[in-house]
Amino acid sequence: MDRRRTLFWIRLCIVVMMLGLIVSGVTAFPLREELGLASGILRDSPVAAWFPDAVAWVERVSQALVDVGDRYPFMSYGTDWLAFAHLVIAVVFIGPLIDPVRNVWVIQFGVIACAGIIPLALIAGGIRGIPLGWQLIDMSFGVIGVIPMVIAWRLTRRLERATE
């Protein structure tokens, strides 16, 4: 694989990760509204018959967000910071987008962060009473996210060896 093609694939993998971070960040701001909409759609769809426990969980979370939002609106500030953190982390990936060899540490950080999602979901999810199915959904973000990061890391190492 020539240098230009390798750079293209590295950058594509990084852009995929950045888009995932941006989407997850932006969608964390209107969480209450999104869960209300999702709850209504799920409740009125065939999914309610197929996965009643999942639909009930989404409904419970939606109701909790409404209750907390009405009584303690400042609590949403925490998800605002979560959203902001996702956007800031996406910006960090600009470095390896420009020069992956020099900024390979950011790609390595991405791999570590994806791996860290699994114990966080299991430990914090268990402590917070999150259903296992939902924890598995949360863990899937790390499992899916690590794929473009590992590809980018391997291709960056290949690019580095080719330029030595």
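This is a short tour of the model, stop by stop, with something to select at each one.

**Before you zoom in**

Keep in mind that what you have open is a predicted model. Start with everything shown as a cartoon. The protein has 8 helices and 0 strands, so the run of elements from the N terminus reads α-α-α-α-α-α-α-α. Turn the model around for a moment: along the principal axes, its C-alpha atoms fill a box of roughly 60 × 35 × 30 Å. Now switch on a surface, if you like. Of the 164 residues, 26% count as buried. And if you draw the contacts with a separation of 6 or more, 73% of them link residues 24 or more positions apart.

**Stop 1: helices H1 and H8**

Select residues 3-26 for H1 and residues 132-162 for H8. How do these two helices run relative to each other? They pack at an angle of about 155°, with axes 9 Å apart, and are therefore roughly antiparallel. Their crossing is left-handed. To see the contact, show side chains on both helices. From H1, pick Arg3, Thr6, Leu7, Trp9, Ile10, Cys13, Ile14, Val16 and Met17. From H8, pick Gly145, Pro148, Met149, Ile151, Ala152, Leu155, Thr156 and Leu159. Colour them by class and you get 13 nonpolar, 3 polar and 1 charged.

**Stop 2: Pro100, in a loop**

Leave those side chains on and add Pro100, which sits in the loop between H6 and H7. Buried or exposed? Pro100 is buried, with a relative accessible area of 2%. Setting aside residues up to four places away in sequence, Pro100 touches Leu7, Ile10, Ile107, Thr156 and Leu159. Some of those names should ring a bell: Leu7 and Ile10 of H1, along with Thr156 and Leu159 of H8, are part of the contact at the previous stop. For a sense of distance, draw a line from the C-alpha of Pro100 to that of Ile130: they are 30 residues apart in sequence and 37 Å apart in space.

**Stop 3: Asn103, in the loop with Pro100**

Stay in the loop and move along to Asn103, which lies between helix H6 (94-98) and helix H7 (104-128). Asn103 has a relative accessibility of 18%, and so it counts as buried; the cut-off for buried is under 20%. What does Asn103 touch, not counting residues up to four places away in sequence? The answer is Gly95 and Pro96. Show the Asn103 side chain and the backbone of Gly95, and you can find a polar side-chain atom of Asn103 that lies 3.0 Å from the backbone oxygen of Gly95.

**Stop 4: helices H7 and H8**

Next, show H7 with H8. Their axes come within 8 Å and cross at roughly 165°, which makes H7 and H8 roughly antiparallel to each other. This crossing is left-handed. By class, the residues of the contact are 16 nonpolar, 8 polar and 1 charged. While you are here, select Leu132, found in helix H8. With a relative accessibility of 53%, Leu132 counts as exposed. Then add Leu122: the two are 10 residues apart along the chain, and their C-alpha atoms are separated by 8.2 Å.

**Stop 5: helices H1 and H5**

Go back to H1 and bring up H5, residues 76-92. The axes of H1 and H5 come within 7 Å and cross at roughly 160°. That makes H1 roughly antiparallel to H5, and the crossing is left-handed. On the H1 side, highlight Met18, Leu21, Ile22, Ser24, Gly25 and Val26; on the H5 side, highlight Ala83, His86, Leu87, Ile89 and Ala90. This contact has 8 nonpolar, 3 polar and no charged residues. Also in H5 is Trp81, which counts as partly exposed at 47% relative accessibility. C-alpha to C-alpha, Trp81 is 22 Å from Val16, and 65 residues separate them in sequence.

**Last stop: Ser39**

Finish in helix H2, residues 31-43, where you will find Ser39. How much of Ser39 is accessible? Its relative accessible area is 3%, so Ser39 is buried. Select what surrounds Ser39, leaving out neighbours within four places in sequence, and you should land on Val58, Glu59 and Ser62.

Technical notes. Residues numbered from 1 in each chain as written. Predicted model: local features only at pLDDT ≥ 70, side-chain atom pairs only at ≥ 80, totals over all residues. Heavy atoms only, no water. Helix = DSSP H or I, 4+ residues; strand = E, 2+ residues; numbered from the N terminus. Buried < 20%, exposed > 50% of the residue type's maximum accessible area, 1.4 Å probe, protein only. Polar contact = N/O pair within 3.5 Å; in protein donor to acceptor, adjacent residues only side chain to side chain. Contact = heavy atoms within 4.5 Å. Axes fitted to C-alpha atoms, helices over the stretch in contact; angles between N-to-C directions. Parallel < 35°, antiparallel > 145°, perpendicular 65-115°, else oblique. Left-handed = near helix turned anticlockwise from the far one by under 90°. Nonpolar A, V, L, I, M, F, W, Y, C, P; charged D, E, K, R; others polar.
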